[in-house]
Amino acid sequence: QEDVFKKLVAHCKEYGFVFQSSEIYDGLGAVYDYGQNGVELKNNIKKYWWDSMVLLHENVVGIDSAIFMHPTIWKASGHVDAFNDPLIDNKDSKKRYRADVLIEEQLAKYEDKIEKEVEKAKKRFGESFDEKQFKETNGRVLEYQAKWDELQGRFVKALNDSNLEELKQIIIDQEIVCPISGTRNWTDVRQFNLMFSTEMGSTADGALKIYLRPETAQGIFVNYLNVQKTGRMKIPFGIAQIGKAFRNEIVARQFIFRMREFEQMELQFFVRPGSELEWFQKWKQTRMAWHQALGFGQENYRFHEHDKLAHYANAAVDVEYRFPFGFKEVEGIHSRTDFDLSQHQQYSGKKITYFDPELNESYVPFVVETSIGVDRMFLQIMAASYAEEEMTSEDGKKDIRVVLRIPAPLAPVKLAVLPLMKKDGLAEKAREIIDDLKFDFNCQYDEKDSIGKRYRRQDAIGTPFCVTVDHVTLEDGTVTIRYRDTMLQDRVKISDLKSIISGEVSM
Ligand code: ATP
């Protein structure tokens with residue numbers, strides 16, 4: 001599975017999806033650039049989210065707030081004092097790790113061990129295998145489960161108590177080694193704030209220290225009353241935003257899974273106090289349905305309920321996807337109570353209550369948030385789409401076809417138009433077809449190499465349709481259309497192309 005991930009990273013680079021930032025200067029840690037195909041996929045993901053949240057919900061509108069905000073906002077939100085990661089250094093390798101992540105990886109090891117026992121038993125017992133009973137009775141599984149339970153209990157308590165010494169003690173007791181040096185020579189654990197700061201203006205009395213936002217949510221909170229009033233919004237209503245966020249993350253090993261500059265798609269949904277848990281459940285279901293609508297298999301998604309709630313939340317759940325490196329968070333759904341708005345009311349000294357005409361009273365609304373990373377969603381789609389298939393090529397040789405089965409509405413290029421050869425007016429005809437369709441779909445023209453090679457290049461970037469122009473095209477106005485997933489080919493009229501493709505690619 002780790003191998004698959006390495007291949008995926010290489011594929012992202014080779015086919016113009018994702019490049020290391022500042023590559024010719026040997027890169028910048030955990031910062032990435034999107035290439036010609038990556039930017040199209042990313043834009044399509046954002047549109048898929050925006051349309052489903054803003055266009056399809058009458059009571060949700062969007063905003064685009066600035067990255068720079070008044071520094072007191074981050075004091076009010078708790079980020080200045082509490083947006084920290086617990087860090088630990090290995091004295092031999094001089095490498096720095098997140099203590100909580102080291103412990104989570106240890107927990108995952110026990111889970112893996114249990115999974116392996118289950119897989120072994122499944123093979124042994126076949127059809128008659130009862131997984132639940134096996135887990136409740138098998139000695140080894142019970143031993144691993146007990147270790148997991150004990151570790152999890154200690155870990156959650158240490159986090160809740162912000163007990164840094166205990167985090168270090170867990171790492172020592174679990175005999176966790178540094179992946180680089182292989183030693184257990186650890187420093188103490190200390191808190192590290194994740195916000196980037198910079199300076200604004202330069203006056204005689206000094207510049208203002210400001211932060212690059214670590215989440216887009218606060219831009220929504222401080223604008224909520226502007227939007228509510230100018231949009232005449234009635235509770236319950238939501239405000240959606242897509243934008244960059246910045247975190248000085250320490251763990252920088254998982255490609256675009258954890259970046260220092262990334263993009264978020266967030267919805268803050270404002271509700272009556274007391275109704276927030278009901279809305280939390282609704283959004284939980286709505287968001288899971290959104291993920292599963294992509295067709296990557298329901299068994300690859302799960303909810304992860306939080307054991308430790310952030311100080312502002314009264315319910316929280318993650319949507320997790322089965323990445324090649326295990327189930328990991330793609331999206332968080334949080335019931336944030338009235339914490340943020342109340343804090344801003346207090347710190348700004350401005351009243352930001354909502355007058356509810358039905359109840360005839362004013363209150364600070366409660367908030368349910370859905371928050372998803374664009375880049376993490378991008379990685380999820382790439383991981384789910386990447387496939388290597390054995391096939392027999394035209395000359396009878398066994399071969400591997402690499403294909404990205406990206407859902408057609410999200411595919412970077414929708415249609416490639418390929419003249420069988422350049423001469424006899426085939427190239428001109430192909431260009432004519434593109435000129436006709438390029439306002440509707442992202443099209444690509446390709447005349448280089450054999451048709452087989454050209455198909456494979458399109459498979460590798462996930463193009464759902466290839467259209468080939470040949471001599472028959474000039475006689476009767478038909479082309480062959482080849483479908484990425486089945487590799488089947490049909491002969492169709494040029495005039496039908498638009499409706500065939502629209503049917504598949506519209507969101
Ligand atoms: P994690 O536990 O993975 O650090 P988080 O719980 O801090 O994530 P949130 O603050 O809830 O994450 O952010 C919401 C979403 O933003 C996450 O589900 C993820 O998709 C995305 N996200 C957060 N941090 C990063 C990052 N460093 N790089 C890429 N995406 C991120």
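## Where domain 1 meets domain 2

In this predicted model, five residues of domain 1 make contact with ten residues of domain 2. Sorted by class, the face that domain 1 turns to domain 2 holds two nonpolar residues, one polar residue and two charged residues. The centres of these two domains, taken over C-alpha atoms, are separated by 28 Å.

The division behind this description assigns residues 1-71 together with 210-383 to domain 1, residues 84-193 to domain 2 and residues 413-505 to domain 3. Domain 1 is thus written as two stretches of the chain, 1-71 and 210-383, while domain 2 is given as the single stretch 84-193.

## The chain as a whole

The chain contains 17 helices and 23 strands, and its C-alpha trace spans about 75 × 65 × 55 Å along the principal axes. Of its 507 residues, 32% count as buried. Among the contacts with a separation of 6 or more, 64% are made by residues that stand 24 or more positions apart.

## The three-stranded sheet and helix α5

An open sheet of three strands, paired antiparallel, runs in the order β5-β4-β6. The edges are taken by β5 (96-98) and β6 (190-193), and because each of these has a single partner strand, one side of each is left without a neighbour in the sheet. From one strand to the next, the twist averages 50°.

Within this sheet, strand β4, which covers residues 84-89, is joined to β6 by four bridges in the antiparallel sense, and Asn 84 has Asn 193 of β6 as its bridge partner. Helix α5, residues 99-125, packs on the sheet and touches β4 and β5, with a direction that makes about 65° with that of β5.

## From β11 to β13

Strand β11 (residues 301-305) pairs with strand β12 (residues 315-323) in the antiparallel sense, over five bridges, and here Phe 303 stands opposite Val 319 of β12. Strand β12 is in turn joined to β13 by nine bridges, again with the strands running antiparallel. A hairpin of two residues connects β12 to β13, and in this pairing Tyr 321 has Lys 328 of β13 as its bridge partner.

## The surroundings of the ligand

Strand β13 also figures in the shell around the ligand, to which it gives the largest share, four residues. In total, 16 residues surround the ligand, and the closest are Phe 262, Gly 332, Ser 371, Gly 373 and Arg 376. The elements that contribute two or more residues to this shell are β10 (261-271), β13 (326-337), β16 (366-373) and α13 (374-385).

By class, the shell is made up of four nonpolar, four polar and eight charged residues.

## The five-stranded sheet and helix α14

A second open sheet, of five strands with mixed pairing, has the order β20-β19-β21-β22-β23. Strands β20 (443-445) and β23 (489-493) stand at its edges, and since each has a single partner strand, one side of each is left without a neighbour in the sheet. The twist in this sheet averages 30° from one strand to the next.

Strand β19, residues 415-419, and strand β21, residues 465-469, pair in the parallel sense over five bridges, with Val 467 of β21 as the bridge partner of Val 417. Helix α14, residues 426-437, lies across β19, β20 and β21 and runs at about 160° to β19.

## Lys 429 in helix α14

Lys 429 has its place in helix α14. With 19 other C-beta atoms within 10 Å, Lys 429 is partly exposed, because a residue counts as buried when 20 or more other C-beta atoms lie within that distance and as exposed when there are 12 or fewer.

Apart from its neighbours within four places in sequence, Lys 429 is in contact with Pro 419, Val 469, Thr 473 and Leu 474. Of these contacts, Pro 419 falls within the residue range of β19, and Val 469 within that of β21. Lys 429 and Ile 63 are 366 residues apart along the chain, and their C-alpha atoms are separated by 44 Å.

Methods. Residues numbered from 1 in each chain as written. Predicted model: local features only at pLDDT ≥ 70, side-chain atom pairs only at ≥ 80, totals over all residues. Near = placed C-beta within 6 Å. Nonpolar A, V, L, I, M, F, W, Y, C, P; charged D, E, K, R; others polar. Pairing = 2+ DSSP bridges. Axes fitted to C-alpha atoms, helices over the stretch in contact; angles between N-to-C directions. Contact = placed C-beta atoms within 7 Å. Domains from an automatic or database assignment.
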